[in-house]
Amino acid sequence: MFLDNKPEMNTVLWGSVYVFDFLYKYNIISEKTFLDFMETSKELKGKVIGQYTADLWNSNFIHHWEKPDCISETEFVEESKIFEKSISLEYQKFTRLRSSIAEELSKIGELSQFIIEGGKNNQETNDTSLLDDLFSMPDDEIPKGTNFSSNITDPIKVEKKVGRNEPCPCGSGKKYKKCCLRK
């Protein structure tokens, strides 16, 4: 279903961690359900990173979200580095890509094993998307005028909005609505 919609697949997979973190934090789901989900999501995330390493840059917006409480800072940062690095990685077997992300894999913890497994699975199957097929075309078969870099944009950093009743960020001690809201 998601083969040609990798950013959407990543949004759902990584976004579900935030949902389950919220549900667990407010005792809507049990600890067992939460821990089972976290184990499953770690395995799925690892397989996605391993199988689609060269495509991860399309989904790096995920790491501009605030880190969920249930993910360690190290895992979040190292995973982000892999996503950022992926824009410069070529479409090749994971055994070659693995050396490019070896430093991150050594720091990311348990997730690294799932990433390596995902990479191995990618080598055993010939599971390619339309995007993979396009990049594997000989240059003379790519339609003229195709510009691969035209859709690449810098990620957008979203600032957290100040609520009307929160203290004003200027430091006056007043509520935002009574101080700088209309400025």
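User: Before anything else, what does "buried" mean here?
Analyst: Buried means under 20% relative accessible area, exposed means over 50%, and partly exposed is what falls in between. This is a predicted model, and buried residues make up 33% of the 183 residues in the chain.

User: OK. What's the secondary structure like?
Analyst: Seven helices and zero strands. Going along the sequence, the pattern reads α-α-α-α-α-α-α.

User: How much area does the chain expose, and what share comes from carbon and sulfur?
Analyst: About 12000 Å² is exposed, with carbon and sulfur atoms supplying 53% of that.

User: And for contacts between residues at least 6 apart in sequence, what share join residues at least 24 apart?
Analyst: That share is 63%.

User: Let's start with α1. How far does that helix reach?
Analyst: Helix α1 covers residues 6-25, 20 residues in total, and spans 29 Å from its first C-alpha to its last. That is close to the 28 Å expected at 1.5 Å a residue.

User: Which of its residues are buried?
Analyst: Lys 6, Met 9, Asn 10, Leu 13, Trp 14, Gly 15, Ser 16, Val 17 and Asp 21.

User: What happens to the backbone just after α1?
Analyst: Asn 27 has a positive phi there, about 55°. Tyr 26 sits in the loop between α1 and α2.

User: Is Tyr 26 buried or exposed?
Analyst: Tyr 26 has a relative accessible area of 52%, so it counts as exposed. Together with Phe 22 and Ile 28, Tyr 26 makes a nonpolar surface patch of about 350 Å².

User: Now the inside. Which residues have the most contacts in the largest nonpolar core?
Analyst: Trp 14, Val 48, Ile 49, Ile 82, Phe 83 and Ile 115, in a core of 16 residues. At least two residues of this core come from each of α1, α2 (31-51), α3 (73-85) and α6 (111-124). Apart from that core lies another one of seven residues, among them Val 17, Ile 29, Phe 34 and Phe 76.

User: Why would nonpolar side chains be buried together?
Analyst: I can only put that as a general tendency: in soluble globular proteins, nonpolar side chains tend to be buried together.

User: Back to Ile 82. What does it touch, skipping residues up to four places away in sequence?
Analyst: Ile 82 touches Ile 49, Leu 56, Ile 101, Glu 104, Ile 108 and Ile 115.

User: What about Leu 105, where is that?
Analyst: Leu 105 is in helix α5, residues 102-107. Its relative accessible area is 8%, so Leu 105 is buried. The C-alpha atoms of Leu 105 and Glu 78 are 7.7 Å apart, while the two residues are 27 apart along the chain.

User: And Asn 60, buried or exposed?
Analyst: Buried, because the relative accessible area of Asn 60 is 9%. Asn 60 belongs to the loop between α2 and α3.

User: What is Asn 60 in contact with, leaving aside its neighbours within four places?
Analyst: Ser 80, Phe 83 and Glu 84.

User: Switching to charges. How many salt bridges does the count come to?
Analyst: Eight. One of them pairs Glu 75 with Lys 42, at 3.3 Å from N to O. That pair links distant parts of the chain, with Glu 75 in helix α3 and Lys 42 in helix α2, 33 residues apart.

User: Are those two buried or exposed?
Analyst: Glu 75 counts as buried because its relative accessibility is 5%. Lys 42 is at 18%, so Lys 42 counts as buried too.

User: Which Lys besides Lys 42 does Glu 75 meet in a salt bridge?
Analyst: Lys 45, at 3.8 Å from N to O. This pair also links distant parts of the chain, since Lys 45 is in helix α2 and Glu 75 in helix α3, 30 residues apart. Both Glu 75 and Lys 45 are buried.

User: So which residues are in the salt-bridge network?
Analyst: Lys 42, Lys 45, Glu 75 and Glu 79 are linked in it.

User: Where do Glu 43 and Lys 47 lie?
Analyst: Both are in helix α2, four residues apart, about one turn of the helix. Their side chains meet in a salt bridge at 3.3 Å, N to O. Glu 43 counts as partly exposed because its relative accessibility is 31%, and Lys 47, at 25%, also counts as partly exposed.

Conventions:
Residues are numbered from 1 along each chain as its sequence is written. This is a predicted model: local features need pLDDT of at least 70, side-chain atom pairs count only at pLDDT 80 or more; totals for chains, interfaces and linings use all residues. Side-chain values use heavy atoms; hydrogens and water are left out. Buried means under 20% relative accessible area, exposed over 50%, partly exposed in between (1.4 Å probe, protein chains only). The expected span of a helix is 1.5 Å times one less than its number of residues. A nonpolar core is a set of buried Ala, Val, Leu, Ile, Met, Phe, Trp, Tyr and Cys residues joined through side-chain atoms within 4.5 Å. Contact means heavy atoms within 4.5 Å. Patches are made of residues with over 30% relative accessible area and no salt bridge: like charges are joined within 9 Å, nonpolar side chains (Val, Leu, Ile, Met, Phe, Trp, Tyr) within 5 Å. Accessible areas come from the Shrake-Rupley method with a 1.4 Å probe; for residues, only the protein chains shown count as cover. A salt bridge is a side-chain nitrogen of Lys or Arg within 4 Å of a carboxyl oxygen of Asp or Glu.
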